[in-house]
Amino acid sequence: MFGKRTSFGGNTNGAAPAKPQPVAAPKPKPAVAAPASTTPKKAPRVQAEPVMDVNSDIKSRDADSEYFKTKSSVFNALIDSIDLSQLATMEIESAREEIRDIVSEIIALKSIVMSISEQEDLLEDICNDVLGYGPLEPLLARDDIADIMVNGAATTYIEVDGKVRLTNVRFRDNAHLMNVCQRIVSQVGRRVDESSPICDARLPDGSRVNVIGPPLSIDGAALTIRKFKKDKLTLDQLVKFGSISPDGAEILQILGKVRANVLISGGTGSGKTTLLNCLTAFIESDERIITCEDSAELQLQQPHVVRLETRPPNLEGEGEITMRDLVKNCLRMRPERIIVGEVRGPEAFDLLQAMNTGHDGSMGTLHANSPREGLSRLESMITMGGYSLPSRTIREMIVSSVDVVVQAARLRDGSRRITHVSEIMGMEGDVIVTQDIFVYDILGEDANGDLIGRHRSTGITKPKFAERARYYGEELNLVEALERANAEEAGAA
């Protein structure tokens, strides 16, 4: 993690969670706040809706070229005076304290005049550059940020409350940005450079990272981080946020308990992985679960979990382990449930085979805008795998394997809702028949532009998976939840 850096960073704010006050005074983006990359539309939006409490500080600090000069001088003196190989053997906190002590001595020797607050900010910035993720540290420290999107050294966006906003965070140059990207991906044994410019990785907390660097990314490396909340969301919290009704949440809970085969479909950023985590919370603790992911991000709490992750090819183009390889290997590992982080290719066929051969309760996510589109995509992915099967045969396999499709959506006001809970009934001719159990209706919007809607039951009193619920002793809970939902629907009508 420690190593000589070819460049270092501009506006790393020292906003560690324990020190919000010192950081809240200086951080920047003057020349970048209005550059060509920032459109006139978005600039006023950022001013009207400040992205972070430290934005004004970032702006004032980066605007001061003297700060960059001072930091550059101190940083270079630091690199000349420490042995990074020895630093690498130290604990993070010990290394941070060592760096802070040396930087304080350098500031005194150079007779640099700084206030206590400015000196504290400089200390934190340099520590972040040497040991952490530089300018990303204050963003990673905030639990309310869902996504961090770096479009080259000068432009960084974040998503807060479902809305994408421009920040004033920037890197000193593209070389500094690439150094941070390489530091992130190297932690999971991957690399990003000109010969391999695309990389998926993860942070220690499970946050998903994607990097695409030059020459594919023309204006500098593009870094995207899908952050994980420190506190995992639960179904109860989804009810509190209005993502699903209480009765709908109970239905989802029952689906997890009775080993229903569930597909979660939705668009990018709609909360599919979060919902999958919520459903897996109701798996019994004595079940053997195997997860397959491109980048391990599921956070299952059961004791008997085996986590598998795909592997990209090496420099010679060999050694790649695909999702399909993992799913096929799962079948030899005596799984009781197989959880696929995202189905996006030929592994769809193997997952359906697993669902239909004694691995009930398997789950996965896929990208689709509706339950029916999700089933069509599943069929397309199987066809893309080179299987010369008739369409009807593939659809019959889907019907016999998948019990329920749960649709998640990110609405135009930034809110995330579970819009459909649909079960697969069977085939009529060559068409897969589905029926909705719960749907979300949009009724309008309020004065602030937030959408108003409600979850409603479609009146189904005995879904097809009621037989499965009876087998697991959950039929009474299922019937009561549906009756309450139907009663509420009748009252609302």
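This is a short tour of one structure, with a selection to make at each stop.

Before you start, note that this is a predicted model, in which local features need pLDDT of at least 70 and side-chain atom pairs count only at pLDDT 80 or more, while totals for chains, interfaces and linings use all residues. Residues are numbered from 1 along each chain as its sequence is written, and side-chain values use heavy atoms, with hydrogens and water left out.

**Stop 1: the sheet**

Switch to a cartoon view and look for the six strands that form an open sheet in the order 3-2-1-6-5-4, with antiparallel pairing. Strands here are DSSP runs of E of at least two residues, helices are runs of H or I of at least four, and both are numbered from the N terminus; two strands pair if DSSP finds at least two bridges between them. Select 163-167 and 198-202 to see the edge strands, strand 3 and strand 4, each of which pairs on one side only. On average, neighbouring strands of this sheet are turned by 15 degrees against each other, direction ignored.

Now select strand 1, residues 145-151, together with strand 2, residues 156-160: five bridges join this antiparallel pair. The two strands form a hairpin with four residues between them, and Gly152 in the turn has a positive phi of about 85 degrees. Next, add strand 6, residues 222-226, which runs antiparallel to strand 1 and is joined to strand 1 by five bridges. Asp147 is a handy residue to label: its bridge partner in strand 2 is Glu159, and its bridge partner in strand 6 is Arg226.

Move on to strand 5, residues 208-212, which is antiparallel to strand 4 and joined to strand 4 by five bridges. Here Val209 in strand 5 stands opposite Ala201.

**Stop 2: two backbone details**

Most residues other than glycine have a negative phi, and most peptide bonds are trans. Select Asp161 for a positive phi, near 55 degrees, in a residue other than glycine; Asp161 lies in the loop between strand 2 and strand 3. Then select Pro214 and Pro215, where the peptide bond is cis, with omega near 5 degrees. Pro215 sits in the loop between strand 5 and strand 6.

**Stop 3: helices 6 and 7**

Select helix 6, residues 92-109, and helix 7, residues 116-131: their axes come within 10 Å and cross at roughly 130 degrees. Axes are lines fitted to C-alpha atoms, for helices over the stretch in contact, and angles run from 0 to 180 degrees between N-to-C directions. That crossing makes helix 6 oblique to helix 7 (under 35 degrees counts as roughly parallel, over 145 as roughly antiparallel, 65 to 115 as roughly perpendicular and the rest as oblique). Show side chains for the contact, meaning heavy atoms within 4.5 Å: among the residues that meet are Ile99 and Val103 in helix 6 and Leu123 and Ile126 in helix 7.

**Stop 4: a salt bridge**

Finish with Glu287 and Arg259, which form a salt bridge with the closest N and O atoms 2.6 Å apart (a side-chain nitrogen of Lys or Arg within 4 Å of a carboxyl oxygen of Asp or Glu). The pair links distant parts of the chain, 28 residues apart: Glu287 is in the loop between helix 12 and strand 8, and Arg259 in the loop between helix 11 and strand 7. A search of the whole structure finds 25 salt bridges.
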